[in-house]
Amino acid sequence: MTERASSASDGADAVGFGEPLVEIQNVSKHFPNEEGMFSWLSFNRDADGLPIETGREWVRAVEDVSFTIRKGETLGLVGESGCGKSTLARTILRLLEPTEGSIYFKGTDLADLSGERLRNTRKDIQMIFQDPQSSLDPRMKVGKIVEEPMQAHGMLDSEGRAARAQELLEKVGLDPQHYNRYPHAFSGGQRQRINLARALSVNPDFIVCDEPVSALDVSIQAQVLNTMRDLQKEFGLTYLFIAHDLSVIRHISDRVAVMYLGQLVELADKQELFENPTHPYTQALLDSIPVPDPRADGHRGVLEGDVPSPIDPPSGCRFRTRCPELITPAEYDLTDAEWERVRSFMRHVKRRDFTETDPDALSQRYFDGQIPSGDAGDKVSAAIDDIAADDWDAAAERLQNAFAEQSICAREEPDYEVDPEYGADRHTVACHLCRE
Amino acid sequence: MSAPLLRVDDLQVQFFTEDGVVRAVDGISFDVREGELVGLVGESGAGKSVAVSAIMRLVESPGRIVGGHIEFKGETLIEVERGDDGESYRTDATIPDGELRERIRGREIAIIFQDPMESLNPVFTVGGQLREFIELNRDLSEEDAREEAVRMLREVGIPEAAARYDDYPHQFSGGMRQRVLIAMALACEPALIIADEPTTALDVTVEAQILDLVDELQERYDTSFVWVTHDMGVVAEICDRVNVMYLGEIVEQAPVDDLFYDTQHPYTEALLDSVPRPDETVEELNPIKGVMPEAINPPAGCRFHTRCPDAREACKTTNPDCRDVTDGVTEHRAACIKHDAFETTYEGSPPLETGSGGGFDVSLSGGETDD
Amino acid sequence: MATTHSDSETLGGESVEDFDESEQSVEARVGWRYTLAQVRKDPTAFAGFIIIAVASVVALVTTIDAVVFEYLAQYQVFAQFGVEKYWLAKTIWMSPTAEPAGTPTLLPPVGMENTFGQGTWAHPLGTDDRGRDILLRLIYGTRIAILVGVLATAIGLVGGMVIGAVSGYYGGWTDDVLMRLAETLYAIPFLVLVLAFIAAFGRSITFAMVGVGVASIPKFARLIRSRVVSVREDEYVEAAKAAGVRDRNIILRHVIPNSFAPVLVQATLQVGTAIIIIAGLSFLGFGIQPPTPSWGQMLSVSRNYMIQNPWFSVWPGLCILVTVVAFNMFGDGLRDALDPRLNN
């Protein structure tokens, strides 16, 4: 750490290509669920005494995320909406303050900075936003938009800025004559290019791209992606590229990180991740994408249910509630087939998507009439009896406590590294299946 | 083969705006057979949403259906002809508004929109809305309708359907809301469902769930679908036949396998080349040059010629119709004069300078705002 | 001078005639030119605009005559040319404040009769209880109405903008404190607040104006805040922040310009309200003091002569009505022009 601190002031030249440029260590970001003067108060009719409770609910949007971005590379960050990828991006940029953790940029911990010092570091880190409509001020001309960051950091005089803005517009593939136009005169793809020009204006080292092409038509996406790549080569840029579209990630990234419910589940070299996906979530994600090839045999829809709430995320592995490969609890002696049936039964009881209550019919339907023997079987039978007594909640809870909560997936947070099949980069997987 | 369930013939929809007439849909024809899932694919601005809203006569002002004939189960949903004075008017064969609303909308043809939040009223419970819809359209008692509503919710995979019946739309996730809309669309067991980008707003894993659900339900109810999308992946996954639209026109019409493996129109080909693939690493993408011109002032001749890699002089003058271009074993139509089916001067015509295929440098300065 | 300045600000500082229609489709659908073109298409709003423009010109000329000339008359150079207060009025007519000796009082308008006799062309709208020409007094009263209405609104607008923008942009604790203060002010009835202000600082038009301005701050603050809270979430604000632009510049360059449209509409409507309030205060004797002519005060005096010469009351009342309605018509038109949902 001391070494890092000493090199903090050396500037861009201190980091060579391939060396870590950004190091994110154990970053967490929690939001209060409600904001406002009295949001720490809530009403609870069932409480003893005063029907008022204190304390806030916290949305655990990002939890304990660590990774490194090397100079000159593109790190793809992929995940579904609500997984915390945009929050993470904004935390890295210090648009949000991390609840915990450190963000080292060229050795300086951004989490420690504030005020003018933080503002000065923004020169080296820029961002490109998702929505080409709203990321440009509709009342500002394009030229001024591109010049604004330069002006904020006192770069050049006003003529110099204007010249540079026009040069940059040309660089990103726009007509410099458009300098005096308003953003609404441009199409979505062109606006995204203006965004690029603005980000490049202060000569940054690192650009965070938050879904830069997801709002664009496919044919325009390709144009913008190609431009981004060319610019990266020309200016030696480092990208953190966030997207929900794995096809885009596959095209642009060097390494890929997959996020689920605020945590990283897998991080590996691009080829390794796509050819040898190890985490069940990554596999599900890859299987879900519609492939533009009618002869491809799709799996599709392998995941059930919805992402749980980040207010009260599942213990252990956060993906376990939807995971098709939940590990058998160690204390039960169940075969794979039996475990499969128990889990299917548990899922159906929880979703309550059948109306049958007769014990025999249930055991026939979900266990082929063969309820497993031993401890596990007793618990299943007890749950079936609960259903017969029409107490579905008790049955669901009993099964959850007896099985799902006993799995190692619920008890320990996974964090493993596997040997890569492709390339030499580290391949980290947060799944207990890798525990050997 | 039996007569098609839905036949759209030479449909034209125009928007009369301050800046001029926008020919959003300019003479498209396609049909949907029973039990078939027909795709309508194209980029934004191609006119695909307008085209499907015209089927149900839901085009909103300043838009107007100015020509064409839409027939559903032998009934004329709309027939517009141009009179001697140049004004277009509906013919007598068109079924009246009231009858369309009572008998066709919801009962025979249902629509699923992209944003489920806009289709559900936020101040009523999900179950209540579904129940009311069933009660109105299927003449059931309130009791029975409620039971049917819960059954439908369970059918489309809403967990704890009975308990969630009383929830409000905002308490559902995006995917769940889309399931509710599918339940609503299926409630009257319509013959045709029009799905306007129903999965675009959803995450991939949820999209996959919905696509699975549609597959499953289609098998069970034998419903026909018109599926509007911009995603070639979705097309490949679920469609039986596909219509590719560009700037208000259908440029290619083919069974899904032929569309991907025996592509006949340069636009379709370019579109397929420009998408990054999830299943393989593509080093260099090959984007379509430029942007789609505005429908208010479309290019003369073939509308794609300004961006087409195969464009020749002849393309500037001839606007080809969509005709059968292959051997006739399968029905495969394309609107490109490079095919022999068009007896034109394409062969001898000199190629147009549309720049190199490299893409981005050309595309920008020639953007649509310039001209 | 202040009159026209703030007035032209409200109107965008560009004459409608300058607008070149052909540029519209290519150039901004934002900006003043486009907005004014939209307003011109709306006959009601355009009529309001014309009335306001005429009233502003009248106010400007009379301000020069009454205030600027009085100031200039102190200097020999100007005095020798005969420059003095109400110079224009005197050369054409007579002073709107002087009480002419021997002229008949409460003369009716031309063509009208009452017990005092027939009106004359020297006083087309008749004379008041002291024999002064009503038309001239109305013309000079325009100055007070427009100046005071616009300035009072400007005070409320600027105060409200600062408070609302800071409150909305920073949020949290700052927001809570500022908004609770604004709500406290809001809870006191408008007129009571203004009267309390005058009672505390003294009976003069300046304090009446400042009082009306201050009392309207909460209204503007809340309106601006509600806009800023949504603009703050726009990505271009975040983009500016990420680029390292200082907060002050973000507020001035991005947040306020983009929150301004509904506020402008509100301000236009507020000018009408302020005119009525000030007229009401003058009527009650708290506003402009005689002999300076103002519509409210004329109305106040006239109520004693309602039976003998009702026209004395009708004219100032009509002036207030027309001006206030003009501001409202223009404000409504502006709202439609600025509403993007109606534009497309």
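Here are three short exercises with worked solutions on this predicted model.

**Exercise 1. Describe the side of chain A that touches chain B: how many residues take part, and which helices supply them?**

Let's start with the totals. Chain A gives 47 residues to the contact and chain B gives 49 residues.

Next, look at the helices on the chain A side. At least two residues each come from α6 (188–200), α7 (218–235), α8 (246–252) and α10 (280–288) of chain A. The largest share belongs to α7(A), with 8 residues.

Finally, sort this side of chain A by class: 19 residues are nonpolar, 16 are polar and 12 are charged.

**Exercise 2. Place strand β9 (residues 206–210) of chain A in its surroundings: is this strand mostly covered or mostly open, and which strands does β9(A) pair with?**

Begin with burial. A residue is called buried here if 20 or more other C-beta atoms lie within 10 Å of its own. By that test, 5 of the 5 residues of β9(A) are buried, and the strand is mostly covered.

Now split the strand into its two faces. A:F206, A:V208 and A:D210 point one way, A:I207 and A:C209 point the other way, and the residues of both sets are all buried.

Then find the neighbours. With strand β8 (residues 125–128) of chain A, β9(A) pairs in the parallel sense over 4 bridges; here A:Q126 has A:I207 as its bridge partner. Strand β10 (residues 238–243) of chain A also runs parallel to β9(A), joined by 5 bridges, and A:I242 of β10(A) stands opposite A:D210.

Last, trace the connection. From β9(A) the chain crosses through α7(A) to β10(A), a right-handed β-α-β crossover. You have met this helix already: α7(A) makes the largest contribution to the side of chain A that touches chain B.

**Exercise 3. Examine helix α11 (residues 336–351) of chain A: what is its span, and which of its residues are buried?**

Check the length of the helix. Its 16 residues reach 22 Å from first C-alpha to last, close to the 22 Å expected at 1.5 Å a residue.

List the buried residues: A:E338, A:V342, A:F345, A:M346, A:V349 and A:K350. These sit on the same side of α11(A), because they cover an arc of only 130° around the axis. A general rule helps here: an α-helix has 3.6 residues a turn, so residues three or four places apart point the same way.

Now turn to each side. The buried residues pack against α12 (359–367), α13 (374–388) and α14 (392–402) of chain A, while A:D336, A:A337 and A:S344 are exposed on the other side.

To finish, step just past the helix, where A:R352 takes a positive phi of about 50°.

Methods:
Residues are numbered from 1 along each chain as its sequence is written. Chains are lettered from A and ligands numbered from 1 in the order in which they are written. This is a predicted model: local features need pLDDT of at least 70, side-chain atom pairs count only at pLDDT 80 or more; totals for chains, interfaces and linings use all residues. Two residues are in contact if their C-beta atoms, placed from the backbone, lie within 7 Å. Ala, Val, Leu, Ile, Met, Phe, Trp, Tyr, Cys and Pro count as nonpolar, Asp, Glu, Lys and Arg as charged, and the others, Gly among them, as polar. A residue is buried if 20 or more other C-beta atoms lie within 10 Å of its own, exposed if 12 or fewer, and partly exposed in between; C-beta atoms are placed from the backbone. Two strands pair if DSSP finds at least two bridges between them. A crossover is right-handed if, with the strands pointing away from the viewer, the path from the first strand over the helix to the second runs clockwise. The expected span of a helix is 1.5 Å times one less than its number of residues. The arc is that of the directions from the helix axis to the C-beta atoms.
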